[in-house]
Amino acid sequence: MEDFGIHEGISEVILTTISPDGVPNAAPIGLHRKGGRLFARIYNSKTLDNIMKKPVAAANIVDDPVLFVQSALSDIEPERFEFTDGFPVLKDAMGWILFDCKYKKGKDVSVVELFPIKGKIITRKLLPVNRGFNAVIESLIHATRYVVLKEQKYLKCIKYYNTIVNKCGGAREKEAMRLLYELIGSK
Ligand SMILES: Cc1cc2nc3c(=O)[nH]c(=O)nc-3n(C[C@H](O)[C@H](O)[C@H](O)COP(=O)(O)O)c2cc1C
């Protein structure tokens, strides 16, 4: 896990899964690493449905803010996936890890333990901290809550983080925020 930058705490990745009829899906999910074990806490979603039917998932390590927004708030295009041994991963991932999953179904949230099978490192980029990128991710967390709960407080938080994106982000972060606002139907 260390080689993939997955340390203690929560790492935000894009989890890819596949439906029984072969349709790939992607969604941002936090991987919790604690005491050498790896878990995800997954709310009822396509990702959870897929894992319950085929308990395999790939953690894609991604640095593109637009891909985070697309996979959180819409379906990404089929051509963004490639298949490795019949399982979908993202073409734009910097690396991925394929896991066997064991889940404990809960009413709202299920705990999924992840057991690595294999992984691939495609690129080792140096990624200095960019507050604009981080602010897109924070906004997106609020956006995924806003689309379900429609509470104004989430829009307020998104607006706050958007000021940081405008100050510290580059073109890709600004495009991600434009898309985020479009997909939540605001602005
Ligand atoms: C950075 C980030 C981390 C997220 N982590 C989780 C998570 O750990 N568990 C979860 O259930 N949803 C998480 N979400 C929300 C899901 O990505 C979101 O609900 C998504 O629409 C689910 O898509 P799906 O129905 O295609 O699986 C996260 C969203 C973001 C932006």
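**Exercise 1.** In this predicted model, find how far a polar side-chain atom of asparagine 25 lies from an oxygen atom of the ligand, then list polar backbone atoms that approach the ligand.

*Solution.* Start with the side chain: a polar atom of asparagine 25 is 2.9 Å from a ligand oxygen. Next take the backbone. A polar backbone atom of proline 28 lies 2.7 Å from an oxygen atom of the ligand. Arginine 41 also places a polar backbone atom 2.7 Å away, here from a nitrogen atom of the ligand. With the cut-off for a polar contact set at 3.5 Å, these pairs qualify. As for cover, the ligand on its own has 640 Å² of accessible area, and the protein covers 81% of this.

**Exercise 2.** State which pocket the ligand takes up and which elements give two or more residues to the shell around it.

*Solution.* The ligand occupies the largest pocket. Strands S2 (24-34) and S3 (37-43) each give two or more residues to the shell, as do helices H1 (46-53) and H3 (131-149). The greatest share comes from S2, with five residues.

**Exercise 3.** Describe the shell by residue count, class and domain.

*Solution.* First, count: 16 residues surround the ligand, and the closest are Pro28, Arg41, Tyr43, Thr47 and Ala72. Second, sort by class: nine are nonpolar, four polar and three charged. Third, assign domains: domain 1 (2-121) and domain 2 (131-184) each supply at least three residues to the shell.

How values were computed:
Residues numbered from 1 in each chain as written. Predicted model: local features only at pLDDT ≥ 70, side-chain atom pairs only at ≥ 80, totals over all residues. Heavy atoms only, no water. Near = heavy atom within 4 Å. Polar contact = N/O pair within 3.5 Å; in protein donor to acceptor, adjacent residues only side chain to side chain. Areas by Shrake-Rupley, 256 points an atom, 1.4 Å probe, with all protein chains shown as cover. 1 Å grid on protein atoms, 1.4 Å probe; cavity = no way out; pocket = protein on both sides within 12 Å on 5 of 7 lines; lining within 4 Å. Sits in = over half its atoms within 2 Å of the grid points. Helix = DSSP H or I, 4+ residues; strand = E, 2+ residues; numbered from the N terminus. Nonpolar A, V, L, I, M, F, W, Y, C, P; charged D, E, K, R; others polar. Domains from an automatic or database assignment.
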